[in-house]
Amino acid sequence: MQISTELSTSLVDDARLAEILANPGFGVHFTDHMLTAEWTPDAGWHDARITPYGPLTLDPATAVLHYAQETFEGMKAYRHADGSIWSFRPEANAARMVRSSHRLALPVLDTDDFVQAVHTLVEVDRRWVPDNTGEGEKSLYIRPFMFASEAFLGVRPAQHVTFMVICSPAGAYFKGGVKPVTLWLTEEYTRAARGGMGAAKTGGNYASSLVAQQEAMAEGCDQVVFLDAQEGRYVEELGGMNMYFVFDDGSIVTPETGTILEGITRSSIIELAGKMGHQVTERKFGIDEWRDGVTSGRITEIFACGTAAVVTPVGSLKWQGGEVPAPASTELTTKIRQALVDVQFGRAEDTFGWMRRIC
Ligand code: PLP
Ligand code: COI
């Protein structure tokens, strides 16, 4: 893919950048540049360009604003101790965007073009990749997204699609760093049904999760847990993370794919935990198994994982009229989190070949 570059003439100055990188938060600051490419049926992908970061001008009839035809990705760039910058399994994000785009009737962006677009933008904005010093693992969060940019109110796949990449320096996703998140079990709302969009990374899934998330917060919980739409019995995932259950014999269970998002952190943990000698099973996992397992002590740890939140221990679970306390331990959760971030930050050997050098 040909990518043109127009550098910003009003870069964030060094002093302000240092201030931002010292305490980046999540998703609130954006780098100096963005990448944009256009697609039409005749020309395919074209006009890929890096330009100064700034607002878009959209026709009010732009299809995505009405029918939500869009997909997105979430990934990170990590600065290693020698100053080099790396991405983590970017081809997996590219492949997932192709699967999501297929579900949303959006065009395919080839893996090579996706990775080139992400890497080129990160290289241009490399001074925004935080040094990994101090508390927490800081990185540059990367948000590729694709949307129906045709101005047309008919309901059909758009004939003009825009792909963009923006980047945002990131600290801890949860305020207060790594501590157990408390969960609210929604019995009213589901996020995905068979044949629906649950496995696609598309805005509508997040829009539909918000009312349940609001309920969770009103109940004093951090995050919401969704159950399957058919029986209301099996644990699916959180609003933005996959789930893992650790048993007292060292075995681990994670809900099977189909209606959940196929997390790249999730699949990496399957490999990492396997290498640590744990038996990992992907299967349906009932909510009663959660309740009984924690109560009896058979389940010793529960954790959630995702690019933004990394690996986070799960504490208590509440629902209308009931509660299960936090599992007894967070030991393996901490070990798995450490093993993963050590590879990402170049402190451990990359035995799975996951890391890609950007610059
Ligand atoms: N599930 C949902 C609904 C998500 O939004 C995310 C975050 O991207 C995940 C799971 C975890 O996916 P990944 O590990 O690829 O970030
Ligand atoms: C990610 O982990 O990358 C996500 O997209 C999740 C989102 C809730 C920030």
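This passage looks at how the protein holds ligand 1 and ligand 2 in a predicted model.

Start with ligand 1. A shell of 17 residues surrounds ligand 1, and the closest of them are K201, Y206, E237, T265 and T307. Sorted by class, that shell is made up of six nonpolar, seven polar and four charged residues. Several elements chip in: β11 (235-238), α6 (264-275) and β15 (299-306) are the ones that give two or more residues to the shell around ligand 1.

Some polar contacts to ligand 1 can be picked out by distance. The side chain of T307 has an N or O atom 2.6 Å from an oxygen atom of ligand 1. For K201, an N or O atom in the side chain is 2.7 Å from an oxygen atom of ligand 1. The side chain of R96 also has an N or O atom at 2.7 Å from an oxygen atom of ligand 1. As for how well wrapped the molecule is, ligand 1 on its own has 380 Å² of accessible area, and the protein covers 96% of that. The space that ligand 1 takes up is the largest pocket.

Now for ligand 2. The residues around ligand 2 are F72, G74, Y141, R143, Y173, K201, G240, T307 and A308. Split by class, they come out as four nonpolar, three polar and two charged. K201 and T307, then, turn up around ligand 2, and they are also among the closest residues to ligand 1.

The contacts to ligand 2 involve both side chains and backbone. In the side chain of Y141, an N or O atom is 2.7 Å from an oxygen atom of ligand 2. K201 puts a polar side-chain atom 2.9 Å from an oxygen atom of ligand 2. With A308 it is the backbone that does the job, with an N or O atom 2.9 Å from an oxygen atom of ligand 2. Taken alone, ligand 2 exposes 280 Å², of which the protein buries 87%.

Where does ligand 2 lie relative to domain 1 and domain 2? Domain 1 (3-172) and domain 2 (181-344) both give residues to its shell, so ligand 2 lies between them. Ligand 2, too, sits in the largest pocket.

Notes:
Residues numbered from 1 in each chain as written. Chains lettered and ligands numbered in written order. Predicted model: local features only at pLDDT ≥ 70, side-chain atom pairs only at ≥ 80, totals over all residues. Heavy atoms only, no water. Near = heavy atom within 4 Å. Polar contact = N/O pair within 3.5 Å; in protein donor to acceptor, adjacent residues only side chain to side chain. Areas by Shrake-Rupley, 256 points an atom, 1.4 Å probe, with all protein chains shown as cover. 1 Å grid on protein atoms, 1.4 Å probe; cavity = no way out; pocket = protein on both sides within 12 Å on 5 of 7 lines; lining within 4 Å. Sits in = over half its atoms within 2 Å of the grid points. Helix = DSSP H or I, 4+ residues; strand = E, 2+ residues; numbered from the N terminus. Nonpolar A, V, L, I, M, F, W, Y, C, P; charged D, E, K, R; others polar. Domains from an automatic or database assignment.
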